[in-house]
Amino acid sequence: MNAPINPPKLYDCRDAFAATLERLATENEKIVAVCNDSVGSSKLGGFKSKFPERLVNVGIAEQNMVGVGAGLANGGRLPFVCAAAPFLTGRSLEQIKADISYSNANVKLVGISSGMAYGELGPTHHSIEDFAWTRVLPNLPVIAPCDRIETAAAVAWASTYDGPCFLRLSRVGVPDLLPEGHKFELGKANLLRQGSDVTLIANGTLTHRILKAAEILAERGINARVLNLATVRPIDEEAIITAARETGAIVTAEEHSIFGGLGSAVAEVVVDNAPVPMKRLGVPGVYAPTGSAEFLLDEFGMAPAAIADAAQALIKRK
């Protein structure tokens, strides 16, 4: 397909996170930010300037950072604990399990630059296991907004939610997909496009790609339903079951391993309630190499045209 004459403007969801957090902190003095020497990459510079006494920088000590967040919550504060997603989850998983999930601490974990956003820094900086690690933990909603509007709405929701959650935010630019003023609702999918032949499901940076894939399929005479499934846990079982029964085939796409992530979560619902052919697109159980996020997504079969091809092939199995 030719590139659009006027391509949509792309936004960094970290900016929406930072602006919303600063606004909320102005309204609620209990809000504090905790980070691991990541003031810049977490976009907390403005927060630091406005509320210097409410930003705790623990340095490169992620396990301590999670414990500090839990302690602040126990003391009546409302901490947003921010760090690069691979280090927040992988390095601190035991603390997240014991101090946050098991203790049901009112801590908002914010995984910055998730997926393969740090592409040029290589496999150690890719965060393609974090869905699998976090979604198995009780009491911990797992959320990956699709654009800046949903990011702002999810952060606002998190500030009022009584309990822990994990927000997965990329630094890769994405277009606006949801309307201004959108209200985030935990566990509810957004129907972005109606369709009857196949359902495409994604979240985060892949949502706009599956919308483009649906447009390609439409040109081929195939009517694809598109679901933005920002909440990985608790997942919208009703939307998934309805899609399975009404379209008869489901393709998931994610900036994550195909093991344990969004595709696995959807498959669990499908196999228990409405078995239909499925195709899970993602990183196929390997360490993703060095390269830009856009390049890597394309290499792993998640260019819009490749997603459309996968959906068209799947339909033949119906």
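This briefing covers the domains, two helix pairs, two buried residues and some backbone features of the structure. The model is predicted. The domain assignment splits the protein chain into domain 1 (11-174) and domain 2 (190-316). Two helix packings are described below: α3 with α5, and α9 with α10. Backbone points of interest are a cis peptide bond before Pro234 and positive phi values at Asp37 and Asn139.

**Domains**

- The domain assignment gives residues 11-174 to domain 1 and residues 190-316 to domain 2.
- The C-alpha centres of domain 1 and domain 2 are 26 Å apart.
- Domain 1 puts 31 residues into the contact, and domain 2 puts in 36 residues.

**Helices α3 and α5**

- Helix α3 spans residues 62-74. Helix α5 spans residues 93-102.
- The two helices pack at an angle of about 5 degrees, and their axes are 9 Å apart.
- An angle under 35 degrees counts as roughly parallel, so α3 and α5 are roughly parallel to each other.
- On the α3 side, the contact uses Gln63, Val66, Gly67 and Ala70. On the α5 side, it uses Gln95, Ile96, Asp99 and Ile100.
- By class, the contact of α3 with α5 holds four nonpolar residues, three polar and one charged.

**Gln95, a residue of α5**

- Gln95 sits in helix α5.
- Is Gln95 buried or exposed? Its relative accessibility is 17%. The cut-off for buried is under 20%, so Gln95 counts as buried.
- Setting aside residues up to four places away in sequence, Gln95 touches Gln63, Val66 and Ile100.
- Gln63 and Val66 belong to the α3 side of the helix contact, and Ile100 lies in α5.

**Helices α9 and α10**

- Helix α9 covers residues 237-247, and helix α10 covers residues 262-273.
- They pack at an angle of about 60 degrees, with axes 10 Å apart.
- That angle makes α9 oblique to α10.
- The crossing of α9 and α10 is right-handed.
- Glu237, Ile240, Ile241 and Arg245 make the contact from α9. Val266, Val269, Val270 and Asn273 make it from α10.
- The contact of α9 with α10 has five nonpolar residues, one polar and two charged.

**Ala239, a residue of α9**

- Ala239 is placed in helix α9.
- Its relative accessibility is 17%, so Ala239 counts as buried.
- Apart from neighbours within four places in sequence, Ala239 contacts Ala189 and Leu227.
- Leu227 is 12 residues from Ala239 along the chain, and their C-alpha atoms are separated by 8.4 Å.

**Backbone features**

- Most residues other than glycine have a negative phi, and most peptide bonds are trans.
- The peptide bond from Arg233 to Pro234 is cis, with omega near -5 degrees.
- Pro234 is in the loop between β10 (231-233) and α9.
- Which loop holds Asp37? Asp37 is in the loop between β1 (31-35) and α2 (45-50). Its phi is positive, near 65 degrees, and Asp37 is not a glycine.
- Asn139 also is not a glycine, and its phi is positive at about 70 degrees.
- Asn139 is in the loop between α6 (130-135) and β5 (142-143).
- With 40% relative accessibility, Asn139 counts as partly exposed.

Conventions. Residues numbered from 1 in each chain as written. Predicted model: local features only at pLDDT ≥ 70, side-chain atom pairs only at ≥ 80, totals over all residues. Heavy atoms only, no water. Helix = DSSP H or I, 4+ residues; strand = E, 2+ residues; numbered from the N terminus. Buried < 20%, exposed > 50% of the residue type's maximum accessible area, 1.4 Å probe, protein only. Contact = heavy atoms within 4.5 Å. Axes fitted to C-alpha atoms, helices over the stretch in contact; angles between N-to-C directions. Parallel < 35°, antiparallel > 145°, perpendicular 65-115°, else oblique. Left-handed = near helix turned anticlockwise from the far one by under 90°. Nonpolar A, V, L, I, M, F, W, Y, C, P; charged D, E, K, R; others polar. Domains from an automatic or database assignment.
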